[in-house]
Amino acid sequence: MEITLLYTSLLTMLAIFLAIKVGINRTETKTMLGEGESSVLLQSIRAHGNLIEYAPFALILLALLEMQNTSDWILHLCGSLFFLARILHAYGVSISRESTPYRLVGALGTWLIMLVMSVLGIYIYVSSVSYTHLRAHETGRNLVCRVGGEKKRGGGGGGGGGGGG
């Protein structure tokens, strides 16, 4: 879990940096709750909030992929691109209320990386379940497969006993 630890640490540092920026903007605008009339404060709140909304899902996916022994280079690629996308998005939100190329690339990059990790997770699940499911139901006399929740038996013999699953 060292790879997930690295990207969790980096994203936590980014979250703290963005939270400090919110605090500074609150102090400057004397707005302790909400965003008041300050566009700058609203932008810093959203840059921080948006990271907090997406990072947990990405880190959970990264951790689960790492637990499934996904190649280190794939994990580092996903983790570093996600981190970069979040930096770009935060920067884009903080410099303008309007859409910026940084914000757009950051948002699209975030969604794309999370989609790739999700699809990879589903692929790993389907691959392992299909193989494990068939192997787990093999017995000496029968091969047991579940189809739609019902047992279908094939192979050697019918009635009584015989190691069903």
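A residue counts as buried when its relative accessible area is under 20%. By that cut-off, 30% of the 165 residues of this chain are buried. The model is predicted.

**The chain**

The chain holds four helices and two strands. Read from the N terminus, their order is α-α-α-α-β-β. The helices thus come before the strands along the chain.

Now take contacts between residues with a separation of 6 or more. Of these, 55% join residues 24 or more positions apart.

The outside can be summed up too. The accessible surface is about 10300 Å². Carbon and sulfur atoms account for 67% of that surface.

**The largest pocket**

Rolling a probe the size of a water molecule over the atoms shows where empty space is left. In this model, the largest pocket holds about 180 Å³ of space. Its lining is made up of 13 residues.

Which residues lie nearest the centre of the largest pocket? They are Arg 46, Asn 50, His 89, Val 93 and Arg 103.

Three helices each give at least two residues to the lining: α2 (39-67), α3 (72-95) and α4 (101-136). Helix α2 supplies the largest share, with five residues.

What kinds of residue line the largest pocket? The table sorts the lining by class.

| Class of lining residue | Number in the largest pocket |
|---|---|
| Nonpolar | five residues |
| Polar | four residues |
| Charged | four residues |

The lining is therefore mixed: nonpolar, polar and charged residues are all present. Arg counts as charged, and both Arg 46 and Arg 103 are among the residues nearest the centre of the pocket.

Technical notes:
Residues are numbered from 1 along each chain as its sequence is written. This is a predicted model: local features need pLDDT of at least 70, side-chain atom pairs count only at pLDDT 80 or more; totals for chains, interfaces and linings use all residues. Side-chain values use heavy atoms; hydrogens and water are left out. On a 1 Å grid over the protein atoms alone, a cavity is a set of points where a 1.4 Å probe fits but cannot get out, and a pocket is an open set with protein on both sides within 12 Å along at least five of seven lines; lining residues have an atom within 4 Å of a point. Grid points are joined across faces, edges and corners, and a volume is the space filled by probe spheres set on the points. Buried means under 20% relative accessible area, exposed over 50%, partly exposed in between (1.4 Å probe, protein chains only). Contact means heavy atoms within 4.5 Å. Accessible areas come from the Shrake-Rupley method with a 1.4 Å probe; for residues, only the protein chains shown count as cover.
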